[in-house]
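User: I would like to go through this model and ask, at each step, what justifies the words used for it.

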Amino acid sequence: MTVRDIHVVVVGGSTAGLAVSRAVAALAKNGVPGLRVTLIDKNEYFYHMIGAPRGTVDAEYAHKQFLRLGGVLVEFEADPARPRHRFMQASLARVGEREIELSGGQTVAFDYLVLATGARNSFPANVAESSVEAARARMTRLGADIGRARSILVVGGGAVGVEMAGEIAAAHPAKTVTLVHSGSRLLPANFKEKLSAGAVEKLRRLGVKVVLNERIEIPAGTRFDATLRPLKLRGASGRSYQSDLQIMATGTKLHTEYLAPLEAQLGVRLRERSGAIRIRPTFQIDSPRLPNIFAVGDVAALPAGAKYAFIVAEQAKVAAANVTALVRAGPKGPAPPLKSWDGRTMSAIIVPIGPNHGVMQLFGMTLGASRLGNVGVRNLKGKDYFLEKTAATFPVNANA
(Lines give C-alpha, C1' and ligand atoms only; values in the text may rest on other atoms or scores of the structure.)
Protein backbone atom coordinates (compact mmCIF):
# COMPACT_ATOMS: atom_id res chain seq x y z
CA MET A 1 0.00 0.00 0.00
CA THR A 2 1.29 3.45 -0.90
CA VAL A 3 2.03 5.50 2.16
CA ARG A 4 -0.30 8.47 2.36
CA ASP A 5 -1.20 10.73 5.24
CA ILE A 6 -4.61 9.87 6.70
CA HIS A 7 -5.89 11.84 9.67
CA VAL A 8 -8.74 10.46 11.77
CA VAL A 9 -10.05 12.79 14.47
CA VAL A 10 -12.18 11.48 17.34
CA VAL A 11 -13.87 14.06 19.56
CA GLY A 12 -14.84 12.71 22.95
CA GLY A 13 -12.85 10.47 25.28
CA SER A 14 -15.97 8.56 26.28
CA THR A 15 -16.58 4.81 26.12
CA ALA A 16 -17.48 5.13 22.44
CA GLY A 17 -14.74 7.61 21.54
CA LEU A 18 -12.01 5.57 23.20
CA ALA A 19 -13.13 2.34 21.54
CA VAL A 20 -13.15 3.90 18.07
CA SER A 21 -9.86 5.77 18.48
CA ARG A 22 -8.06 2.65 19.71
CA ALA A 23 -9.43 0.42 16.96
CA VAL A 24 -8.53 2.87 14.22
CA ALA A 25 -5.12 3.74 15.68
CA ALA A 26 -4.24 0.05 15.67
CA LEU A 27 -4.20 0.22 11.85
CA ALA A 28 -0.94 2.16 12.07
CA LYS A 29 0.69 -1.10 13.11
CA ASN A 30 -1.27 -3.17 10.66
CA GLY A 31 -0.75 -2.02 7.12
CA VAL A 32 -1.54 1.72 7.18
CA PRO A 33 1.75 3.44 8.11
CA GLY A 34 0.53 6.92 7.11
CA LEU A 35 -2.37 6.87 9.56
CA ARG A 36 -2.54 9.24 12.50
CA VAL A 37 -5.30 9.53 15.07
CA THR A 38 -6.06 12.57 17.19
CA LEU A 39 -8.28 12.11 20.23
CA ILE A 40 -9.80 15.32 21.61
CA ASP A 41 -11.64 15.83 24.88
CA LYS A 42 -12.43 18.86 27.02
CA ASN A 43 -11.07 17.04 30.08
CA GLU A 44 -7.67 15.46 30.55
CA TYR A 45 -9.24 12.30 31.94
CA PHE A 46 -11.75 9.54 31.33
CA TYR A 47 -14.33 9.41 34.11
CA HIS A 48 -15.68 5.96 34.94
CA MET A 49 -19.19 7.32 35.24
CA ILE A 50 -20.77 3.90 35.73
CA GLY A 51 -19.21 3.85 39.19
CA ALA A 52 -20.37 7.31 40.23
CA PRO A 53 -22.72 5.91 42.93
CA ARG A 54 -19.85 4.07 44.63
CA GLY A 55 -17.54 7.05 44.25
CA THR A 56 -19.89 9.25 46.26
CA VAL A 57 -19.25 7.21 49.41
CA ASP A 58 -15.84 5.58 48.86
CA ALA A 59 -12.90 8.02 48.63
CA GLU A 60 -10.37 5.42 47.50
CA TYR A 61 -12.70 4.25 44.74
CA ALA A 62 -13.41 7.84 43.68
CA HIS A 63 -9.68 8.46 43.23
CA LYS A 64 -9.39 5.49 40.86
CA GLN A 65 -12.36 6.56 38.73
CA PHE A 66 -10.35 9.21 36.91
CA LEU A 67 -7.98 7.83 34.29
CA ARG A 68 -5.65 10.11 32.33
CA LEU A 69 -6.18 10.14 28.56
CA GLY A 70 -2.72 11.35 27.63
CA GLY A 71 -1.16 7.97 26.87
CA VAL A 72 -4.11 5.90 25.66
CA LEU A 73 -2.88 5.68 22.05
CA VAL A 74 0.84 5.15 22.71
CA GLU A 75 0.64 1.36 22.39
CA PHE A 76 -0.61 1.72 18.82
CA GLU A 77 2.38 3.66 17.53
CA ALA A 78 4.18 1.92 14.67
CA ASP A 79 7.37 3.70 15.77
CA PRO A 80 7.22 4.89 19.41
CA ALA A 81 10.27 7.05 18.79
CA ARG A 82 8.31 9.01 16.19
CA PRO A 83 4.76 9.19 17.55
CA ARG A 84 1.93 10.14 15.20
CA HIS A 85 -1.13 9.70 17.40
CA ARG A 86 -1.91 12.36 19.98
CA PHE A 87 -4.36 13.51 22.62
CA MET A 88 -5.52 17.13 22.74
CA GLN A 89 -7.40 18.70 25.63
CA ALA A 90 -9.86 21.14 24.08
CA SER A 91 -13.57 21.76 23.49
CA LEU A 92 -15.22 21.47 20.10
CA ALA A 93 -16.67 24.73 18.78
CA ARG A 94 -17.50 24.07 15.14
CA VAL A 95 -17.59 21.20 12.65
CA GLY A 96 -16.92 21.71 8.94
CA GLU A 97 -16.84 19.24 6.06
CA ARG A 98 -13.08 18.78 6.34
CA GLU A 99 -11.98 20.60 9.49
CA ILE A 100 -13.09 21.33 13.01
CA GLU A 101 -12.55 24.45 15.09
CA LEU A 102 -11.70 24.20 18.77
CA SER A 103 -12.75 26.58 21.53
CA GLY A 104 -9.43 28.40 21.42
CA GLY A 105 -9.79 29.14 17.72
CA GLN A 106 -7.41 26.42 16.53
CA THR A 107 -8.51 24.43 13.48
CA VAL A 108 -7.78 20.74 12.91
CA ALA A 109 -8.16 19.23 9.44
CA PHE A 110 -9.39 15.66 9.12
CA ASP A 111 -10.03 12.96 6.56
CA TYR A 112 -12.48 11.20 8.85
CA LEU A 113 -14.22 12.56 11.93
CA VAL A 114 -15.96 10.67 14.73
CA LEU A 115 -18.20 12.66 17.07
CA ALA A 116 -18.53 11.00 20.48
CA THR A 117 -19.13 14.05 22.63
CA GLY A 118 -21.60 12.27 24.90
CA ALA A 119 -24.30 13.78 27.07
CA ARG A 120 -24.29 16.10 30.05
CA ASN A 121 -25.64 14.84 33.35
CA SER A 122 -25.86 16.45 36.75
CA PHE A 123 -22.96 15.93 39.15
CA PRO A 124 -21.84 13.37 40.25
CA ALA A 125 -22.96 11.43 37.16
CA ASN A 126 -20.99 14.06 35.27
CA VAL A 127 -17.89 15.90 36.50
CA ALA A 128 -17.21 19.32 34.99
CA GLU A 129 -13.68 19.94 36.27
CA SER A 130 -11.13 19.68 33.47
CA SER A 131 -8.09 18.40 35.39
CA VAL A 132 -7.69 15.10 37.23
CA GLU A 133 -6.69 16.83 40.44
CA ALA A 134 -9.68 19.17 40.44
CA ALA A 135 -12.08 16.35 39.57
CA ARG A 136 -10.80 14.17 42.38
CA ALA A 137 -11.01 17.08 44.80
CA ARG A 138 -14.63 17.66 43.76
CA MET A 139 -15.52 14.03 44.49
CA THR A 140 -13.70 14.20 47.82
CA ARG A 141 -15.74 17.27 48.73
CA LEU A 142 -18.97 15.49 47.84
CA GLY A 143 -18.05 12.58 50.09
CA ALA A 144 -17.38 14.98 52.94
CA ASP A 145 -20.67 16.82 52.32
CA ILE A 146 -22.61 13.55 52.39
CA GLY A 147 -20.87 12.71 55.64
CA ARG A 148 -22.01 16.00 57.18
CA ALA A 149 -25.54 15.94 55.81
CA ARG A 150 -28.32 14.56 57.98
CA SER A 151 -30.72 14.11 55.07
CA ILE A 152 -30.15 13.45 51.37
CA LEU A 153 -32.73 13.74 48.59
CA VAL A 154 -32.23 11.78 45.36
CA VAL A 155 -34.49 12.87 42.51
CA GLY A 156 -34.99 10.29 39.78
CA GLY A 157 -35.72 6.58 39.95
CA GLY A 158 -33.78 5.27 36.97
CA ALA A 159 -30.78 2.98 37.47
CA VAL A 160 -28.48 5.84 38.54
CA GLY A 161 -30.94 7.20 41.10
CA VAL A 162 -31.57 3.78 42.59
CA GLU A 163 -27.84 3.05 42.79
CA MET A 164 -27.09 6.45 44.33
CA ALA A 165 -29.72 6.06 47.02
CA GLY A 166 -28.64 2.50 47.75
CA GLU A 167 -24.94 3.29 48.08
CA ILE A 168 -25.52 6.29 50.35
CA ALA A 169 -27.98 4.44 52.58
CA ALA A 170 -25.69 1.41 52.88
CA ALA A 171 -22.66 3.55 53.75
CA HIS A 172 -24.56 5.89 56.10
CA PRO A 173 -27.40 3.93 57.72
CA ALA A 174 -28.13 6.69 60.27
CA LYS A 175 -28.94 9.29 57.61
CA THR A 176 -32.33 10.01 56.11
CA VAL A 177 -32.23 9.13 52.42
CA THR A 178 -35.27 9.86 50.28
CA LEU A 179 -35.71 8.81 46.65
CA VAL A 180 -38.43 10.61 44.70
CA HIS A 181 -39.50 9.40 41.28
CA SER A 182 -42.13 10.82 38.93
CA GLY A 183 -43.20 7.42 37.58
CA SER A 184 -45.32 4.70 39.09
CA ARG A 185 -42.36 2.30 39.24
CA LEU A 186 -38.58 2.45 39.50
CA LEU A 187 -36.15 1.63 36.68
CA PRO A 188 -36.91 1.63 32.92
CA ALA A 189 -40.48 0.64 32.08
CA ASN A 190 -39.40 -1.91 29.45
CA PHE A 191 -38.30 -4.25 32.24
CA LYS A 192 -40.57 -6.46 34.28
CA GLU A 193 -42.60 -5.04 37.15
CA LYS A 194 -41.02 -7.35 39.68
CA LEU A 195 -37.64 -5.77 38.97
CA SER A 196 -39.03 -2.44 40.15
CA ALA A 197 -40.85 -4.02 43.10
CA GLY A 198 -37.62 -5.73 44.15
CA ALA A 199 -35.70 -2.46 43.96
CA VAL A 200 -38.29 -0.70 46.13
CA GLU A 201 -38.19 -3.48 48.72
CA LYS A 202 -34.40 -3.61 48.91
CA LEU A 203 -34.07 0.17 49.13
CA ARG A 204 -36.56 0.22 51.97
CA ARG A 205 -34.65 -2.53 53.74
CA LEU A 206 -31.70 -0.13 53.77
CA GLY A 207 -33.91 2.60 55.21
CA VAL A 208 -34.49 4.59 52.01
CA LYS A 209 -37.82 6.39 51.81
CA VAL A 210 -39.12 5.68 48.30
CA VAL A 211 -41.77 8.06 46.94
CA LEU A 212 -43.36 7.22 43.57
CA ASN A 213 -45.71 9.23 41.34
CA GLU A 214 -44.25 12.48 42.57
CA ARG A 215 -42.67 15.16 40.42
CA ILE A 216 -40.35 17.57 42.19
CA GLU A 217 -40.87 21.18 41.15
CA ILE A 218 -37.48 22.69 40.32
CA PRO A 219 -37.32 26.43 41.08
CA ALA A 220 -36.06 28.51 38.15
CA GLY A 221 -32.42 29.49 38.55
CA THR A 222 -31.72 26.92 41.26
CA ARG A 223 -28.51 25.04 40.58
CA PHE A 224 -28.18 21.44 41.62
CA ASP A 225 -24.56 20.37 42.01
CA ALA A 226 -24.77 18.01 44.99
CA THR A 227 -23.34 20.44 47.52
CA LEU A 228 -24.28 20.75 51.16
CA ARG A 229 -27.22 23.15 51.09
CA PRO A 230 -30.36 22.89 53.24
CA LEU A 231 -33.27 23.24 50.85
CA LYS A 232 -37.01 22.67 50.87
CA LEU A 233 -38.49 21.53 47.57
CA ARG A 234 -42.12 21.09 46.73
CA GLY A 235 -43.66 18.16 44.89
CA ALA A 236 -46.56 18.34 42.44
CA SER A 237 -48.66 16.68 45.15
CA GLY A 238 -48.13 19.69 47.40
CA ARG A 239 -45.88 17.75 49.75
CA SER A 240 -42.63 19.40 50.86
CA TYR A 241 -39.23 17.69 50.89
CA GLN A 242 -36.60 19.10 53.22
CA SER A 243 -33.00 17.93 52.77
CA ASP A 244 -29.44 19.00 53.48
CA LEU A 245 -28.08 17.73 50.15
CA GLN A 246 -29.79 17.06 46.83
CA ILE A 247 -28.67 14.75 44.01
CA MET A 248 -30.38 15.04 40.64
CA ALA A 249 -30.50 11.78 38.69
CA THR A 250 -32.91 12.82 35.95
CA GLY A 251 -32.38 13.20 32.23
CA THR A 252 -29.43 14.21 30.12
CA LYS A 253 -28.65 17.13 27.83
CA LEU A 254 -26.79 17.02 24.54
CA HIS A 255 -24.25 19.59 23.40
CA THR A 256 -24.25 19.52 19.59
CA GLU A 257 -24.39 23.25 18.81
CA TYR A 258 -21.07 22.75 17.03
CA LEU A 259 -23.07 21.39 14.06
CA ALA A 260 -25.19 24.53 13.60
CA PRO A 261 -22.75 26.28 11.18
CA LEU A 262 -22.50 23.15 9.04
CA GLU A 263 -26.28 22.81 8.94
CA ALA A 264 -26.52 26.42 7.76
CA GLN A 265 -23.85 25.83 5.12
CA LEU A 266 -25.51 22.70 3.74
CA GLY A 267 -29.08 23.91 4.20
CA VAL A 268 -30.10 20.68 5.95
CA ARG A 269 -31.00 19.68 9.48
CA LEU A 270 -28.52 17.16 10.87
CA ARG A 271 -30.05 16.93 14.36
CA GLU A 272 -33.29 16.11 16.09
CA ARG A 273 -35.02 18.70 18.26
CA SER A 274 -33.28 17.15 21.26
CA GLY A 275 -29.91 17.90 19.68
CA ALA A 276 -29.22 14.23 18.93
CA ILE A 277 -27.35 13.72 15.65
CA ARG A 278 -29.22 11.92 12.90
CA ILE A 279 -27.27 8.90 11.73
CA ARG A 280 -27.47 6.00 9.31
CA PRO A 281 -27.18 2.38 10.53
CA THR A 282 -23.47 2.69 9.62
CA PHE A 283 -23.14 5.55 12.16
CA GLN A 284 -22.35 8.00 9.37
CA ILE A 285 -24.17 11.30 9.71
CA ASP A 286 -27.37 11.14 7.69
CA SER A 287 -26.28 13.32 4.78
CA PRO A 288 -24.83 12.26 1.40
CA ARG A 289 -22.41 15.18 1.66
CA LEU A 290 -20.82 13.85 4.84
CA PRO A 291 -19.82 10.18 4.36
CA ASN A 292 -16.59 10.86 6.26
CA ILE A 293 -18.26 12.07 9.49
CA PHE A 294 -19.60 9.63 12.08
CA ALA A 295 -21.51 10.02 15.35
CA VAL A 296 -21.63 7.34 18.03
CA GLY A 297 -22.66 6.97 21.66
CA ASP A 298 -25.04 9.19 23.60
CA VAL A 299 -24.85 11.91 20.98
CA ALA A 300 -26.42 9.75 18.25
CA ALA A 301 -30.18 9.82 17.62
CA LEU A 302 -30.89 6.36 19.00
CA PRO A 303 -33.48 5.33 21.61
CA ALA A 304 -32.45 5.50 25.26
CA GLY A 305 -32.35 1.72 25.49
CA ALA A 306 -29.51 1.70 22.94
CA LYS A 307 -27.30 3.99 25.01
CA TYR A 308 -26.21 1.76 27.87
CA ALA A 309 -22.43 1.40 28.10
CA PHE A 310 -22.13 -2.21 27.02
CA ILE A 311 -24.36 -1.63 23.97
CA VAL A 312 -22.50 1.57 23.07
CA ALA A 313 -19.27 -0.43 23.14
CA GLU A 314 -20.74 -2.75 20.50
CA GLN A 315 -21.88 0.23 18.42
CA ALA A 316 -18.35 1.63 18.59
CA LYS A 317 -17.06 -1.59 17.03
CA VAL A 318 -19.38 -1.07 14.05
CA ALA A 319 -18.33 2.57 13.66
CA ALA A 320 -14.65 1.67 13.99
CA ALA A 321 -14.97 -1.13 11.43
CA ASN A 322 -16.54 1.29 8.96
CA VAL A 323 -13.92 3.99 9.45
CA THR A 324 -11.27 1.29 9.09
CA ALA A 325 -12.83 0.03 5.84
CA LEU A 326 -12.92 3.55 4.38
CA VAL A 327 -9.32 4.21 5.42
CA ARG A 328 -8.13 0.99 3.81
CA ALA A 329 -10.08 1.64 0.60
CA GLY A 330 -8.68 5.12 0.20
CA PRO A 331 -10.35 8.13 -1.44
CA LYS A 332 -9.85 6.83 -5.00
CA GLY A 333 -10.76 3.20 -4.45
CA PRO A 334 -14.21 1.66 -4.90
CA ALA A 335 -16.59 2.26 -2.00
CA PRO A 336 -16.17 -0.65 0.44
CA PRO A 337 -19.14 -2.48 1.96
CA LEU A 338 -19.93 -1.08 5.40
CA LYS A 339 -21.42 -2.74 8.46
CA SER A 340 -24.80 -1.71 9.84
CA TRP A 341 -25.94 -1.58 13.45
CA ASP A 342 -28.73 -4.06 14.07
CA GLY A 343 -30.73 -1.56 16.12
CA ARG A 344 -31.03 -3.69 19.23
CA THR A 345 -31.73 -2.02 22.54
CA MET A 346 -30.99 -2.91 26.12
CA SER A 347 -32.33 -6.32 27.10
CA ALA A 348 -30.39 -6.67 30.33
CA ILE A 349 -29.87 -4.55 33.41
CA ILE A 350 -27.85 -5.01 36.60
CA VAL A 351 -28.55 -2.55 39.42
CA PRO A 352 -26.50 -2.67 42.65
CA ILE A 353 -28.32 -1.34 45.72
CA GLY A 354 -25.37 -0.85 48.00
CA PRO A 355 -22.45 -3.30 47.91
CA ASN A 356 -24.48 -6.32 49.04
CA HIS A 357 -27.90 -5.97 47.44
CA GLY A 358 -29.33 -5.48 43.98
CA VAL A 359 -31.76 -6.47 41.26
CA MET A 360 -31.15 -7.70 37.75
CA GLN A 361 -32.79 -8.89 34.56
CA LEU A 362 -30.54 -11.02 32.40
CA PHE A 363 -31.13 -13.66 29.71
CA GLY A 364 -34.88 -13.43 30.26
CA MET A 365 -34.54 -14.06 34.00
CA THR A 366 -35.63 -11.41 36.48
CA LEU A 367 -34.22 -11.39 40.01
CA GLY A 368 -36.00 -8.74 42.03
CA ALA A 369 -36.71 -9.20 45.73
CA SER A 370 -34.90 -12.54 45.99
CA ARG A 371 -31.60 -13.08 47.76
CA LEU A 372 -30.30 -14.76 44.63
CA GLY A 373 -30.45 -11.36 42.96
CA ASN A 374 -28.15 -9.96 45.62
CA VAL A 375 -25.57 -12.66 44.91
CA GLY A 376 -25.78 -12.22 41.15
CA VAL A 377 -25.51 -8.43 41.22
CA ARG A 378 -22.68 -8.46 43.73
CA ASN A 379 -20.63 -10.88 41.62
CA LEU A 380 -21.36 -9.28 38.25
CA LYS A 381 -21.31 -5.55 39.00
CA GLY A 382 -21.67 -4.66 42.67
CA LYS A 383 -18.06 -5.43 43.56
CA ASP A 384 -16.60 -2.44 41.70
CA TYR A 385 -19.01 -1.35 38.92
CA PHE A 386 -16.56 -2.78 36.34
CA LEU A 387 -13.82 -0.31 37.32
CA GLU A 388 -11.01 -2.88 37.38
CA LYS A 389 -11.98 -4.11 33.91
CA THR A 390 -12.05 -0.55 32.55
CA ALA A 391 -8.75 0.47 34.18
CA ALA A 392 -7.04 -2.57 32.66
CA THR A 393 -7.51 -1.05 29.19
CA PHE A 394 -5.48 2.06 30.13
CA PRO A 395 -1.70 2.46 30.53
CA VAL A 396 -0.44 1.49 33.98
CA ASN A 397 0.22 5.12 34.96
CA ALA A 398 -3.17 6.45 33.86
CA ASN A 399 -4.42 6.42 37.44
CA ALA A 400 -1.45 8.35 38.85
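User: What makes β19, β20 and β21 an open sheet, and in which order do the strands lie?

Analyst: In this predicted model, the three strands form an open sheet in the order β19-β20-β21, with antiparallel pairing. Strands are DSSP runs of E with at least two residues, helices are runs of H or I with at least four, and both are numbered from the N terminus; two strands pair if DSSP finds at least two bridges between them. The edge strands are β19 (349-352) and β21 (365-367), each of which pairs on one side only.

User: How do you know that β19 and β20 pair?

Analyst: DSSP must find at least two bridges, and β19 and β20 (residues 358-362) have four bridges in the antiparallel sense, so the pairing criterion is met. Within this pairing, Val 351 has Val 359 in β20 as its bridge partner.

User: What makes you say that helix α6 packs on the sheet?

Analyst: Helix α6 (residues 193-205) touches β19, β20 and β21, where contact means heavy atoms within 4.5 Å. The direction of α6 makes about 165 degrees with that of β20, whereas helix α9 (residues 371-382) lies across β19, β20 and β21 at about 80 degrees to β20. Axes here are lines fitted to C-alpha atoms, for helices over the stretch in contact, and angles run from 0 to 180 degrees between N-to-C directions.

User: Why is Arg 271 called buried?

Analyst: Arg 271 has a relative accessible area of 9%, and buried means under 20%, exposed over 50% and partly exposed in between (1.4 Å probe, protein chains only); Arg 271 is therefore buried. Arg 271 lies in the loop between α7 (260-266) and β18 (293-295).

User: What makes the approach of Arg 271 to Glu 263 a polar contact?

Analyst: A polar contact is a pair of N or O atoms within 3.5 Å, and within protein one must be able to donate a hydrogen and the other to accept it, while residues adjacent in sequence count only if both atoms are side-chain atoms. The side chains of Arg 271 and Glu 263 make such a contact at 2.8 Å, and the side chain of Arg 271 also reaches the backbone oxygen of Thr 256 at 3.1 Å.

User: How were residues and atoms chosen for these statements?

Analyst: Residues are numbered from 1 along each chain as its sequence is written, and side-chain values use heavy atoms, leaving out hydrogens and water. Because the model is predicted, local features need pLDDT of at least 70 and side-chain atom pairs count only at pLDDT 80 or more, whereas totals for chains, interfaces and linings use all residues.
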